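User: Could you take a close look at one part of this model for me, the sheet and the side chains around it? I would like a connected walk through how the strands pair up.

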Amino acid sequence: MEKIFLSLSELKKINSNLEKIKNKDLKKIIEEIKQARQMGDLSENAEYHSAKKKKFIIEEKIKNIENILSNSEIIEEKDFKKILKIKLKNIKNGEITEYFIGKIQINKKNYITEDSPIAIILKNKNAGDIIKIRKYNGDIIYEILSIE
């Protein structure tokens with residue numbers, strides 16, 4: 001798995017969510033399983049099977065979050081601020097797209113590194129310039145609206 005770059009505040013938020021899931025949600029579902037077991041025959045006990053499914057989903061969520069945390073690297077908030085914001089307008093349909101270009105890969109939508117193909121196309125361009133970006137479904141022509 002790729003390294004995931006997180007700010008300290010994002011890391012705290014993820015850890016807080018993980019603790020809530022472990023200490024509240026998981027304990028609640030374990031209690032539901034205990035209560036469902038006491039109702040008798042487990043093979044025909046819908047509450048028991050439903051609670052087991054919920055427990056599985058919660059455990060998978062915990063694994064995913066722990067995987068993210070084990071593959072994460074903390075970066076300083078100031079490094080997030082070194083991001084260039086580019087606003088593009090699709091000439092064909094008028095749709096506006098924003099890209100955020102930085103030195104490091106941040107796993108968020110439209111965040112790209114300065115050495116990515118799109119960033120290279122945008123290098124030395126100005127607001128008002130027309131560019132062509134090749135995407136999986138063909139070439140798209142954009143007008144650069146702003147560079148901040």
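Analyst: Happy to. A good place to start is a turn: in the hairpin of strand 3 and strand 4, with five residues between the strands, Gly94 has a positive phi near 80 degrees. Please keep in mind that this is a predicted model.

The two strands of that hairpin, strand 3 (residues 84-90) and strand 4 (residues 96-102), run antiparallel and are paired over six bridges. One pair to look for is Ile86, whose bridge partner in strand 4 is Tyr99.

Now let us widen the view. The open sheet has five strands in the order 5-4-3-7-6, and its pairing is mixed. Strand 5 (111-113) and strand 6 are at the edges with a single partner strand each, so each has one side without a neighbour in the sheet. From one strand to the next, the twist averages 40 degrees.

On its other side, strand 3 pairs with strand 7 (residues 138-147), again in the antiparallel sense, this time over five bridges. Here Lys87 has Ser146 of strand 7 as its bridge partner. A parallel pairing turns up between strand 4 and strand 5, over three bridges. In that pairing, Gly102 is opposite Thr113 of strand 5.

Next, the side chains. In general, those of a regular strand alternate between the two faces of the sheet. A buried example is worth a look: Thr97 sits in strand 4. Its relative accessible area is 12%, and because buried means under 20%, Thr97 falls in that class. Beyond its neighbours within four places in sequence, Thr97 is in contact with Ile86, Lys87 and Leu88, as well as Asn110 and Tyr142.

Charged side chains also join strand 3 to strand 4. Lys85 and Glu98 form a salt bridge at 3.5 Å, N to O. This pair links distant parts of the chain, with Lys85 in strand 3 and Glu98 in strand 4, 13 residues apart. Lys85 is partly exposed at 25% relative accessibility, and Glu98 is partly exposed with a relative accessible area of 25%. Lys87 belongs here too: Lys85, Lys87 and Glu98 are linked in a network of salt bridges. Searching the whole structure gives nine salt bridges.

For a contrast within a helix, try Glu59 and Lys55, whose closest N and O atoms are 2.8 Å apart in their salt bridge. Both residues lie in helix 2 (residues 46-70), four residues apart, or about one turn of the helix.

Back at the edge of the sheet, strand 6 holds Ile130. Together with Ile91 and Ile141, Ile130 makes a nonpolar surface patch of about 260 Å². The loop between helix 4 (117-122) and strand 6 (130-135) contains Asn124. The phi of Asn124 is near 65 degrees, a positive value in a residue other than glycine. Asn124 counts as exposed, at 74% relative accessibility.

Finally, to place the sheet in the whole: the protein chain has four helices and seven strands, and from the N terminus on its elements run β-α-α-β-α-β-β-β-α-β-β. Buried residues account for 30% of the 148 residues. Of the contacts between residues at least 6 apart in sequence, 49% join residues at least 24 apart. The accessible surface is about 10300 Å², and carbon and sulfur atoms contribute 52% of that area.

Key: Residues are numbered from 1 along each chain as its sequence is written. This is a predicted model: local features need pLDDT of at least 70, side-chain atom pairs count only at pLDDT 80 or more; totals for chains, interfaces and linings use all residues. Side-chain values use heavy atoms; hydrogens and water are left out. Two strands pair if DSSP finds at least two bridges between them. Buried means under 20% relative accessible area, exposed over 50%, partly exposed in between (1.4 Å probe, protein chains only). Axes are lines fitted to C-alpha atoms, for helices over the stretch in contact, and angles run from 0 to 180 degrees between N-to-C directions. Patches are made of residues with over 30% relative accessible area and no salt bridge: like charges are joined within 9 Å, nonpolar side chains (Val, Leu, Ile, Met, Phe, Trp, Tyr) within 5 Å. Accessible areas come from the Shrake-Rupley method with a 1.4 Å probe; for residues, only the protein chains shown count as cover. A salt bridge is a side-chain nitrogen of Lys or Arg within 4 Å of a carboxyl oxygen of Asp or Glu. Contact means heavy atoms within 4.5 Å.
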